[in-house]
Structures are given as C-alpha cells and as structure tokens.
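Visitor: I would like a close look at the enclosed spaces in this model, and at whatever else helps to place them in the fold. Please take the cavities as the starting point and go through their surroundings with care.

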Amino acid sequence: MGKRKISFELLLLFSVFIIATCGLVYELVAGALASYLLGDSVKQFSFIIGVYLFSMGVGSYFAKFIKKNLLKTFIEIEILVGLIGGISSVVLFLLFNSIGHFEWVLYLFVFLTGCLVGLEIPLLMNILKDRVEFKDLVSNVFAFDYVGALLASILFPLVLVPNLGIVRTSLFFGLINISIAIFLSFYLQREVRQHYVLKLKSILTFIFLFILFIFSEKILSYSEEKLYGENIVFSHSSPYQRIVLTRNKNDFRLYLNNNLQFSSADEYRYHEALVHPAFSMAKNIKNVLILGGGDGLAAREILKYKEVKHITLVDLDAEMTKFFQNNETMNALNQNSLNNPKVRVINQDAYVWVKNQQQKFDVIIIDFPDPSNYSLGKLYSLQFYRELQKITNSDTKIVVQTTSPYFAPKSFWCIQKTLNQIFPNVTAYHNYVPSFGEWGFCLAGNNDFSIKRKLNGLRFYNYQFQPLAYFEKDMLAKNVEVNQLQNQILVRYFDEEWSKVQ
C-alpha cells in the first residue's frame, strides 16, 4: 500500500513536469509561427507570452469551481491540452491564407491552451492535498513545473525545430500529452469513474494526432502551396527561418519566413545593381566581404572580376548556405559560386563576427534580409555601422540593400541617414526589379565615388549611375530618425509601411 501511495504521488508530479514542458512548447510554437507568418518576432512573442500567462491565470481561477471527480477531470483536461496544443500549428498554417484577422485565431489557440494548463496545476494540487504535506506539495509541484519549462526552452531551438520543424513539434508534444492521459486512465482505473470512457477518448485522440503527425509534411506542403500559389520544390525549417523554394515553369522563387527574396527571372537586375556600382568605384577589389547573401548570387557577380582574390561570406544560417552549395538547380543559378576556392563561407551572426574582426576589406557587400524584426534591425543600426567602419580602409566601398524607397520611404531614408552618421560619403540609389518594384541601395565610403573600372557582358547595369541616384517626390521622406540599438526605430518604420502594402 505504501508503494502504491508513493508511485501515485510521483506519477502525478511527473505529470506536472510533462504539463509544463508541453505547455511551454505550445507557447513557443505559437510564437515561432507568428514570427514566420506575421513578422516582428519581438512583438509577436511579447503578445503571445502575455496572452498565455493571462489565460493560465484565468484557468487557475476557474479551477476552484471544480469540486467533483478531480482525477477524471484532470485526465480529460490532459487530453484536451494534447489535442488543442497538438493541432494548433496544423490549423494555423492551413488558415493563414484563408481568413482575415488571423491573429485572433492564433491568440484563441494560445488562450485555450493557457487556460487548460492553468486548470491542471490547481486540480493536481487539490488531488494531492490530503496525501502530501502542504509545504512539500507546493515546493514539489513548482519544482517539477519550472524544470519542465527549462527543458522545453532548451530543447525547442536546439533539437526540436531543427529536427522536427514547427508542425511536427506541436504534434509530437500533443502525442506526449495524450500518452500521459492513456497511462493514467489505465494505471488509475480503480480510482477513476468511467475509466473506459477516458481510455476510449485518449486512444482515439492519440490515433488522430498520430495520423496527422505521419502526414504533417503533406499537410504543410498543401498549406504552403495555397499560400504561395506555386509548386514548392524545397521547404525546410532551420533554427532561424522557414526556407521555401518554389517553381513556376522556369521561374524559381526563394521565400524566407514568407517574404520573397528573389525570383530567378529578374534577380540579375537586383544583384547587378547591388554589386557592380561599388566594384566600379573601388580602388582595390582583391579582398571582399559579403554579409548575408547566403544564396551565392552576389558572390556570382563578384567572381566575374579576375582581380578578386578572396571572398569572405558571413551568413547566419548554415542550412541556407548548404542548400545553395549542394542543390544542382541552385548551383546552375549561382554558377557554383559558394564552392569556388576563392569563397570562404562562415555561418555566424554578422554583428558578432564584424565586432571581433581585425582584417580590413576593399569592398563590403551587405545583403541582409529586410529589417522586419529586431534581430535584423540591429544589423542596420548606428552601432553596427560603427563596428563596420573598423574593418574598412580609406578606399573601401560599402553597399547596403535598403528596402524599397517607394513602398517604404521612411525605412529607406532611415538607413541612409544612419549610414551617413558614420561614413562621410553616402549615396542612395535605386532600380526597378519586376518581382519587387522599385528597390533601393546605399553606397558608402570614406572618399569620392568615381568610376575606375567597367565589366563587359552585364545584362542590366550600364554604368550610368546618376539616373539611379535620382528620386521622384513619392520616394522621399523627411524627419526620419537614426536607427540605434536602443530604439530600433527602423523596425517600427518598416512594420508600419509594409503593413499598408499587404
């Protein structure tokens, strides 16, 4: 009898551990999904954490009204948590492109999951209050709860997302929740009324989630095909972003977190404008740095210059660079540039890498994604450009992609103004890329901009730079602020301007 008592208590305390782990995973899944689909990761995670904690409080409050059949209710809630949390990512992916006010559906899932998790802990404490001393009960329950939360926060970015992806992660932990419910309904059948009903519910729910888990990739592919309207030839969730490559006849398009990065039909217009003005004006071009540009397309343009001896490419996402190194179709597009012996690929945070760098470079090409969140916004900040200046010489030329001056003029001129705080000469320019519309760049350096070399055989750029540096009235913006780490005003500009376009 004593062994039975101890095992019962330990079993329910272990359930607390599972509840905490699974609950936090569902919260992290919702935050990651919101970041992938809606952008602005800081805002999305902040809202989701707030809603989740609030809903846990709501659940905890209503737990006091449950006074009968506590153990049966606890197991039923465990089933519901597993079901709702498990299917959340699948439903959200399927609904993203089908309904308006998607955020409300997202927060509804977060609220429901939080309420159910909030119900479980007080229920469990009520079940154990007559079996364990109060001081031991409280300390043990919260100890298991916090340890479970820690485990989830460590596993999610390091193991779960890289190996399972967002959709399978939520389904996997839904299966774990249901497994606990199945075990409890069998192991405690003598203490639970209508245990056969609980067994049936938990087993059927487990089968349902398991089927979804098996077909999750097909479900995700279907939802993304609806989202992009094109045939998906590659999709992968790295620890940093969702990478999707689509194909429409001979046009390949790369999307990162649902944002178009290039179309193979016209990317040459973007990359020639990005690379060749700076290279034509640089005194020396032997030692080149590319920040971002993990697709190898900027490197392709740079390798057209025989004078180039070394290219260092720093891109955070190893999954991105490996794909563009190993995929035959992409090798044809980037002309195998990332496997060229002149190119050294480093997978590291660009801000950290630049800060620790001693070597100076002749040309620096900055091809980061748009500043849609704070982790990207720091790479357009005054502090980053100050660190960048340390690895330039008196003749270094720098070019930065600076989003669209037509759709996001405040964002564009904010970057230009921030650069101008560090570098004495900054010239903004733009060109038309059919897939994007008008797109902008900033050329920066410590001395004059005069053409010193030309390259034959370019498809777009004709070395007539002045027309590109002319801006119509509807592409201008006044009274923009400098982007600094402590304010990240650029991210706010970007979010406000592009939300109007979408």
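**The largest cavity and its surroundings**

Guide: The largest cavity has a volume of about 80 Å³, and since this is a predicted model, that value describes computed coordinates. A search of the whole structure finds three cavities of 30 Å³ or more. The lining of the largest cavity is made up of 13 residues, among which Tyr26, Ala30, Ser88, Val110 and Thr113 come closest to the centre. Three helices, α1, α3 (70-95) and α4, each contribute at least two residues to this lining, and of the contributors α1 gives the most, with five residues. Sorted by class, the lining of the largest cavity holds eight nonpolar residues, four polar ones and one charged one.

The second largest pocket also draws on helical segments, and α1 appears again among its walls. About 230 Å³ of space lies in this pocket, and 15 residues line it, with Leu24, Glu27, Tyr52, Met56 and Ala149 lying nearest its centre. At least two lining residues come from each of α1 (2-38), α2 (41-62), α4 (102-128) and α5 (134-187). Here too α1 gives the most, supplying six residues to the lining of the second largest pocket, just as α1 gives the most to the lining of the largest cavity. The pocket lining divides into 12 nonpolar residues, one polar residue and two charged residues. Both α1 and α4 therefore supply at least two residues to each of the two linings, given that a helix is here a DSSP run of at least four residues.

Apart from these helical linings, the model contains an open sheet of four strands, which follow the order β1-β2-β3-β4 with antiparallel pairing. β1 (231-237) and β4 (259-263) stand at the edges with a single partner strand each, so that one side of each is left without a neighbour in the sheet. From one strand to the next, the twist averages 20°. Within the sheet, strand β2 (residues 242-248) and strand β3 (residues 251-256) run antiparallel and are joined by six bridges; in one of the residue pairings, Arg247 has Phe252 in β3 as its bridge partner.

Key: Residues are numbered from 1 along each chain as its sequence is written. This is a predicted model: local features need pLDDT of at least 70, side-chain atom pairs count only at pLDDT 80 or more; totals for chains, interfaces and linings use all residues. Side-chain values use heavy atoms; hydrogens and water are left out. On a 1 Å grid over the protein atoms alone, a cavity is a set of points where a 1.4 Å probe fits but cannot get out, and a pocket is an open set with protein on both sides within 12 Å along at least five of seven lines; lining residues have an atom within 4 Å of a point. Grid points are joined across faces, edges and corners, and a volume is the space filled by probe spheres set on the points. Ala, Val, Leu, Ile, Met, Phe, Trp, Tyr, Cys and Pro count as nonpolar, Asp, Glu, Lys and Arg as charged, and the others, Gly among them, as polar. Two strands pair if DSSP finds at least two bridges between them. Axes are lines fitted to C-alpha atoms, for helices over the stretch in contact, and angles run from 0 to 180 degrees between N-to-C directions.
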